[in-house]
Amino acid sequence: MTRLLSLGLAAFLALTPFAVAAQDSTVDLAVAEPEVTPPFAPVDGADADLDAFVWQKRPIVVFADSPLDPAFKEQIRYLKDHWAELARRDVVVITDTTPDPASDVRRTLRPRGFSLVIIAKDGTVNLRKPAPWDAREIVRSIDKMPIRRDEIREERGF
C-alpha cells in the first residue's frame with residue numbers, strides 16, 4: 001500500500017508542472033469552421049459569359065430544347081444531388097433551354113438537342129455528352145484534369 005501511495009505521489013508531482021503550464025498558456029482550442037457550400041443556383045445561358053469564368057470557375061453547361069426535357073431534368077437532379085462535391089471543385093452550372101433566339105453560349109458550343117458540356121478552368125471544352133451523366137462521373141472527370149491535379153497537389157502541400 002505504501003509503495004502504491006508513493007508511486008501515485010511521484011506521478012502527481014511529476015505532472016504538476018505540466019498542469020500549471022497548461023493553465024498559463026493561451027492556446028486557442030477553437031474548432032475550425034466547416035466550409036459553407038453556396039446554394040445550387042444555375043446561371044441562365046442568356047446571362048452567362050464564358051470568358052468571365054476563365055481561370056475562376058469550371059463551367060458545366062447543360063443544354064436542352066425545353067426545360068421539360070426529361071434528360072435535362074435528370075441531369076439537373078444529378079448535379080443538385082452532388083452539389084457540395086462540385087462546388088468544392090469551383091463548378092458553375094449554366095443552363096440553356098431556349099434554342100431560339102440562340103444565346104452566346106449556345107452559338108459558341110453549338111449543341112444539338114440535349115447536351116452536357118464540361119469546360120476546364122482554362123476555357124477549353126473538356127467533355128461533351130449527348131445524354132445525362134452521373135455527377136460522380138463528372139467529379140472523376142474533373143479530378144483528372146491537369147489544372148485540378150495541380151490544385152490537389154497544392155492543397156496537400158506538395
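This is a short walk through one helix, one pocket and a few backbone oddities in a predicted model.

Okay, ground rules. Because the model is predicted, local features need pLDDT of at least 70 and side-chain atom pairs count only at pLDDT 80 or more, while totals for chains, interfaces and linings use all residues. Numbering starts from 1 along each chain as its sequence is written, and side-chain values use heavy atoms, with hydrogens and water left out. Helices and strands are DSSP runs numbered from the N terminus (helices H or I, at least four residues; strands E, at least two).

Let's start with helix α6, residues 146-156. Which of its residues are buried? They are Arg148, Glu151 and Ile152, where buried means under 20% relative accessible area, exposed means over 50%, and partly exposed is in between, with a 1.4 Å probe and protein chains only. Looking down the axis of α6, these buried residues fall within an arc of 100°, so they line one face of the helix; the arc is taken from the directions from the helix axis to the C-beta atoms. The textbook background is that an α-helix has 3.6 residues a turn, so residues three or four places apart point the same way. Over on the other side of α6, Pro146 and Glu154 are exposed. And what covers the buried residues? The cover includes β2 (58-63), α3 (83-88) and α5 (135-143), with contact meaning heavy atoms within 4.5 Å. Just after α6, Gly157 has a positive phi of about 85°.

Now the pocket. The largest one has a volume of about 220 Å³. A pocket here is an open set of points on a 1 Å grid over the protein atoms alone, where a 1.4 Å probe fits, with protein on both sides within 12 Å along at least five of seven lines; lining residues have an atom within 4 Å of a point. Points are joined across faces, edges and corners, and the volume is the space filled by probe spheres set on them. The elements giving two or more residues to this lining are α3 and β3 (91-96). There are 16 lining residues, with Thr37, Pro38, Trp83, Ala87 and Arg88 nearest the centre.

Last, the backbone. Asp100 and Pro101 are joined by a cis peptide bond, omega about 0°, and Pro101 sits in the loop between β3 and α4 (104-109). Trp55 isn't a glycine, yet its phi is positive, about 65°. Trp55 is exposed, at 55% relative accessible area. Asp90, also not a glycine, has a positive phi of about 60°, and lies in the loop between α3 and β3.
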